[in-house]
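Work through the exercises below with the sequence and the 3D view open. Try each task before reading its solution.

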Amino acid sequence: MKNTKIQNGVILYSKAEELIRITPCHNNAIRFESFFDCKENDENYTLMPQGGDASIVEQDGSVTMSVGTLSVKLEQNGKVTFFSGNKVLIEEKPELTFNDGFRHYETNGDRWSARVTFKPNDGEHFYGLGHEASGVFDLKGSSFDLRHVNAKCTIPYVYSSRGYGFIWNNPAVGSVELSNNRTRWSVGATRKIDYVVIAGSPREASAALADLTGHAPVMPHWATGFWQSRLRYETQDDLLEVARRYKEENIPLSAIICDYFHWTEQGDYKFAPEYWQDVPAMADELHKMGTKLVVSMWPTINENSENYRYMRDNNMLIRTTKGSDRVFNFYGPQAEIDVTNPQTRDYVFGKLKENYLDNGVDALWFDEAEPEIHPEHFGNLIMHLGKGDEVGLIYPYYYAKMAYDGFKKFSDEVPVTLIRCAYLGSQKYGALVWSGDIVSTFESLSQQVKAGLNMAMCGIPWWNTDIGGFYGGDTQSDTFRELIVRWFQYGVFSPVMRLHGNRNRHGEKKRDVKEPSGDANEIWSFGERNFGILKDLIFLRERLRPYIEKHMAVASKNGVPIMRPMFFDYPDDEICYSLGEQYMFGDDIIFAPIVNEGQTEKQVYLPEGEWVLTKNEQPYPAGWHTVKTEIDEFIAFVRKGSEVLDCFK
């Protein structure tokens, strides 16, 4: 094949000011890179290429690389096709006549806009891309922005029902179309097209994805229990009053969260002494109760902060191409710290350690992790790693890295950082991702179930939602009281069970503070009957913790998430690719959450094998079944013979 070089198992091919590089990336995985103007670079972003044994054959004007069961064919005109055996997995689609025009790019100064287009496949299903409240489980037929905003976290990876995973290895802002006439990945500012194709079942692709982007640690025991939070505990006394009530009720409480505006100023990273008089004493009392203290941190900072001038003068803040460094307005114009700069990470974590961790705080909550900017003009941002439109998706990766690296310098314990966004590889830094500020409705609950299953396919096994949703919840209404129970049931069967929300306030606020608290949001806040139901669910979670921890260890080792779509375990069952409102929770539990108001029965599909309904221990065969469920009941099936059934008794 003309214009082709084969060097150390790598294919290099040049054509019309484009250089193509094809390399083995892992067992059954191949990486494709296209460099414009033939300007080759070795940027991996967060990808950790593993190499692999490749065979290369030149024949009939094309060159083919095979790695394990996966092969890629590069034709003389530049067209690329990936296949496994005789089955085509993914094939480029030309944009021009005469089977020409593969990959499109236009100059944009020293960068390029770029896109790559693939042919559609009938009957194909896609899953992944992080979480978004789209209400879509199977992503086929949809299009999505590749960007982060509150309640939308982009992980540029999809798994296809045709038996392959696809990593779009590019942190630039862009879009993806998974439509019926094409699949297309596009970005507005980049220096290359870069993607990886992984052949294999969902389990095999997830294992390779973990190897290529990083394995999550084993979740520590404390994090697998029940977490209590609300917006917000205004004072030390308020927080301790809640923790003491849980202790008095003999209800196990793994963690309690001190939310934002406990601080003196945005960017100070320390408690306001007027309301938090003795943090070490508070932490000590919580620890004696068996409860961890988690504290919120934002990346926002303004000129009133004691840290602002030093960080500004040492280039530790995100700068802009136009205007000032203020990119978000919340109680005044705010700048954002630049966590892609290692100096920023060292400086800020030093403040977090001094003011929080050294005073007994156990874990951190990294909010605003996109980072949140208004308006969402990523091209206006200048970071240490580059302009925001080129590298913007990578910000939460370095945000999580800041906490992980900082903790590991002084502790052997596994850091757990609750964070509002993530990117490929965030999992290896102990990122516990939550789905952002979502509305308190049944529709929202349905959206979150689907979003969580798509997130599970992206290599991020630690994920959760605000139980009850974040905003719009009226604790006095019958609708919300029904919703909180159904969401709590879902929370039991989530990787982390965390109650949070800004509940509608009834009556006057307690005190004159920034961001006063809404109504109470503890399990006794939603009526006496609900109190008993929610308390029982917390005790069920306690009994399930050994099962959960076993599967968290598997997630760390093999990249298999505990909460995962049905097709993950049953890839040959076509029905399982359509089931967005029931899922596997570990190897032996099928959970089917109730997501509609007033719903007291649900159609549930059971795959091959025999299953036991937990509420009455009745056996069920494979197939569709209608299951009744009153408000104090939930629908969970356990594989016949599994010891986990004892947890439900």
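The exercises that follow concern a predicted model.

**Exercise 1. The nonpolar core**

Task: Find which residues touch the most other members of the largest nonpolar core, and which helix gives the largest share of this core.

Solution.
- Step 1. The largest nonpolar core holds 216 residues, and Phe493 and Ile523 touch the most other members.
- Step 2. Helix H10, residues 528–558, supplies the largest share of this core, with 10 residues.
- Step 3. List the contacts of Phe493, leaving out residues up to four places away in sequence: Leu540, Arg541, Leu544, Met563, Tyr583, Phe585, Ile589, Phe591, Phe634, Ala636 and Phe648.

**Exercise 2. H9 against H10**

Task: Classify the packing of helix H9 and H10 from the angle between them, and name the residues that meet.

Solution.
- Step 1. Helix H9 covers residues 478–492; its axis and that of H10 are 10 Å apart, at an angle of about 5 degrees.
- Step 2. Angles under 35 degrees count as roughly parallel, so H9 is roughly parallel to H10.
- Step 3. On the H9 side the contact involves Arg481, Ile484, Val485, Phe488, Gln489, Gly491 and Val492. These meet Asn530, Ile533, Leu534, Leu537, Ile538, Leu540, Arg541 and Leu544 in H10.

**Exercise 3. H5 against H7**

Task: Do the same classification for helix H5 and helix H7, and give the handedness of the crossing.

Solution.
- Step 1. The axes of H5 (residues 342–355) and H7 (residues 395–408) come within 10 Å and cross at roughly 60 degrees.
- Step 2. Roughly parallel requires an angle under 35 degrees, and roughly perpendicular begins at 65. H5 and H7 are therefore oblique to each other.
- Step 3. Their crossing is right-handed. H5 contributes Arg345, Val348, Phe349 and Leu352 to the contact, and H7 contributes Tyr398, Lys401, Met402, Ala403, Gly406 and Phe407.

**Exercise 4. Arg543**

Task: Place Arg543 in its helix, and decide whether Arg543 is buried, partly exposed or exposed.

Solution.
- Step 1. Arg543 belongs to helix H10.
- Step 2. The relative accessible area of Arg543 is 36%. Buried needs a value under 20% and exposed a value over 50%, so Arg543 is partly exposed.
- Step 3. Apart from neighbours within four places in sequence, Arg543 contacts Cys647 and Lys649.
- Step 4. For a long-range check, take Arg312, which is 231 residues from Arg543 along the chain; their C-alpha atoms are separated by 50 Å.

**Exercise 5. Strand S19 and its partners**

Task: State how many residues of strand S19 are buried, then describe how S19 pairs with strands S11 and S18.

Solution.
- Step 1. S19 runs over residues 183–190 and is mostly covered, with seven of its eight residues buried.
- Step 2. Strand S11 (residues 111–118) pairs with S19 in the antiparallel sense over six bridges. Trp112 has Thr190 of S19 as its bridge partner.
- Step 3. Strand S18 (residues 174–178) is joined to S19 by five bridges, also antiparallel. Here Leu178 stands opposite Thr183 of S19.
- Step 4. S18 connects to S19 by a hairpin of four residues.

**Exercise 6. Two hairpins around S6**

Task: Trace the pairing from S5 through S6 to S7, and find which residue takes a positive phi in each hairpin.

Solution.
- Step 1. Five of the six residues of S6 (residues 62–67) are buried.
- Step 2. S5 (residues 55–59) runs antiparallel to S6 with five bridges, and Ile56 stands opposite Met65. Two residues lie between these strands, and Asp60 takes a positive phi near 55 degrees.
- Step 3. S6 and S7 (residues 70–75) pair in the antiparallel sense over six bridges, with Ser71 as the bridge partner of Ser66. This hairpin also has two residues between its strands, and Gly68 takes a positive phi near 60 degrees.

**Exercise 7. Edges of two open sheets**

Task: Give the strand order of the three-stranded and six-stranded open sheets, and identify the edge strands.

Solution.
- Step 1. The three-stranded sheet has the order S25-S29-S30 and antiparallel pairing. S25 (319–320) and S30 (386–387) are at the edges; each has a single partner strand, so one side of each lacks a neighbour in the sheet.
- Step 2. Two bridges join S25 to S29 (residues 381–383), and Thr320 stands opposite Leu381.
- Step 3. The six-stranded sheet has the order S35-S36-S37-S42-S39-S40, with antiparallel pairing. Its edge strands are S35 (563–564) and S40 (618–620).
- Step 4. Within that order, S37 (residues 589–591) and S42 (residues 636–639) are joined by three bridges, with Ile589 opposite Val638.

Key. Residues numbered from 1 in each chain as written. Predicted model: local features only at pLDDT ≥ 70, side-chain atom pairs only at ≥ 80, totals over all residues. Heavy atoms only, no water. Core = buried A, V, L, I, M, F, W, Y, C linked by side-chain atoms within 4.5 Å. Buried < 20%, exposed > 50% of the residue type's maximum accessible area, 1.4 Å probe, protein only. Contact = heavy atoms within 4.5 Å. Pairing = 2+ DSSP bridges. Axes fitted to C-alpha atoms, helices over the stretch in contact; angles between N-to-C directions. Parallel < 35°, antiparallel > 145°, perpendicular 65-115°, else oblique. Left-handed = near helix turned anticlockwise from the far one by under 90°.
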